[in-house]
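Please look over the fold shown below before reading the notes on its elements and on a few chosen residues.

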Amino acid sequence: MRHIVSILLENEPGALSRVVGLFSARGYNIETLTVAPTEDKSLSRMTIVTKGSDDVIEQITKHLNRLIEVVKVVDLIETPYIERELMLIKIRAVGKDREEIKRMADIFRGRIIDVTEKTYTIELTGDASKLDAFIEAVDSASILETVRTGSSGIARGERVLRV
């Protein structure tokens, strides 16, 4: 089962390394990882997407809570949540294909953020399945480069991850 683990941790050197090391040492795979400072500059928020049974995720949570830098750990799938990922994709766009690619970007609510004579760079946000669907819809031979951030998530409603 897919889980989105949201971690609030102290923003200091080595904290990320210790969290990733914990996953590695126990043989848990990280599908995506995002981390950035929060509104409190002394704290960072890390979002890890991983797969495992509820028991495995419970063990991961217990191990994470033992790390000194970790302030709080939440598995977002336990309550309603919002998940987004950002993708930048550079596509070959020449001749009649330019209009078709522009139309595809509009359908997926993407924005063309860079234009050259032969390429478009498109910015898309959404859940992973939306981004995957865009890649499937575009001719794979025209894709020059793809960059994805990995998932970020937040609980819906009043629930917040704070100290």
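What follows moves from the whole chain to one sheet, then to a helix pair, and finally to single residues.

## Overall architecture

The model discussed here is predicted, and the statements below should be read with that in mind. The protein chain has four helices and nine strands, and in sequence order these elements follow the pattern β-α-β-β-α-β-β-α-β-β-α-β-β. Measured out along its principal axes, the C-alpha trace spans about 60 × 35 × 35 Å.

Of the 163 residues in the protein chain, 36% are buried. If one takes the contacts between residues at least 6 apart in sequence, 72% of them join residues at least 24 apart.

## The four-stranded sheet

Four strands form an open sheet in the order β2-β3-β1-β4, and their pairing is antiparallel. The edges are taken by β2 (32-37) and β4 (70-75), each of which pairs on one side only, and from one strand to the next the twist averages 15°. Helix α2 packs on this sheet, where it touches β1 (2-10), β3 and β4, and the direction of α2 makes about 170° with that of β4.

Within the sheet, β2 and strand β3 (residues 43-51) run antiparallel and are joined by six bridges, while the hairpin that leads from β2 to β3 passes through five residues. Two pairs of facing residues help to fix the register for a reader who is following the structure: Pro37 stands opposite Ser44 in β3, and Thr34 stands opposite Thr47 in β3.

## The pair of helices α1 and α2

Helix α1 (residues 15-25) and helix α2 (residues 54-66) have axes that come within 11 Å and cross at roughly 145°, and the crossing in which α1 passes α2 is right-handed. On the side of α1 the contact is made by Val19, Leu22 and Phe23, and on the side of α2 by Ile60, His63 and Leu64. Sorted by class, the residues of this contact are five nonpolar, one polar and no charged.

## Ser44 in strand β3

Ser44 has its place in strand β3, and with a relative accessible area of 6% it is buried, because that value falls under the 20% cut-off for a buried residue. The side chain of Ser44 is joined to that of Asn11 by a polar contact of 3.4 Å.

When neighbours within four places in sequence are left aside, Ser44 is in contact with Ile7, Leu8, Leu9, Asn11, Val35, Ala36, Pro37 and Thr38. This list includes Asn11, the partner in the polar contact, and also Pro37, the residue that stands opposite Ser44.

## Ala105 and Thr119

Ala105 lies in helix α3 (residues 97-107) and, at 1% relative accessibility, counts as buried. Leaving aside neighbours within four places in sequence, the contacts of Ala105 are with Gly110, Ile112, Ile122 and Phe134. The C-alpha atoms of Ala105 and Glu123 are separated by 8.6 Å, although these residues are 18 residues apart along the chain.

Thr119 is found in strand β7 (residues 119-126) and is likewise buried, with a relative accessible area of 13%. The side chain of Thr119 makes a polar contact of 2.7 Å with the side chain of Thr116. Not counting residues up to four places away in sequence, Thr119 touches Lys90, Ile91, Ala93, Arg98, Asp114 and Leu144.

## Arg84 in strand β5

Arg84 has its place in strand β5 (residues 81-92). Once neighbours within four places in sequence are set aside, the residues in contact with Arg84 are Gly126, Gly150, Ser151 and Ser152. From C-alpha to C-alpha, Arg84 and Thr149 are 9.4 Å apart in space, and in sequence the two are 65 residues apart.

Note on methods. Residues are numbered from 1 along each chain as its sequence is written. This is a predicted model: local features need pLDDT of at least 70, side-chain atom pairs count only at pLDDT 80 or more; totals for chains, interfaces and linings use all residues. Side-chain values use heavy atoms; hydrogens and water are left out. Axes are lines fitted to C-alpha atoms, for helices over the stretch in contact, and angles run from 0 to 180 degrees between N-to-C directions. A crossing is left-handed if the near helix is turned anticlockwise from the far one by less than a right angle, and right-handed if clockwise. Contact means heavy atoms within 4.5 Å. Ala, Val, Leu, Ile, Met, Phe, Trp, Tyr, Cys and Pro count as nonpolar, Asp, Glu, Lys and Arg as charged, and the others, Gly among them, as polar. Two strands pair if DSSP finds at least two bridges between them. Buried means under 20% relative accessible area, exposed over 50%, partly exposed in between (1.4 Å probe, protein chains only). A polar contact is a pair of N or O atoms within 3.5 Å; within protein, one must be able to donate a hydrogen and the other to accept it, and residues adjacent in sequence count only if both atoms are side-chain atoms.
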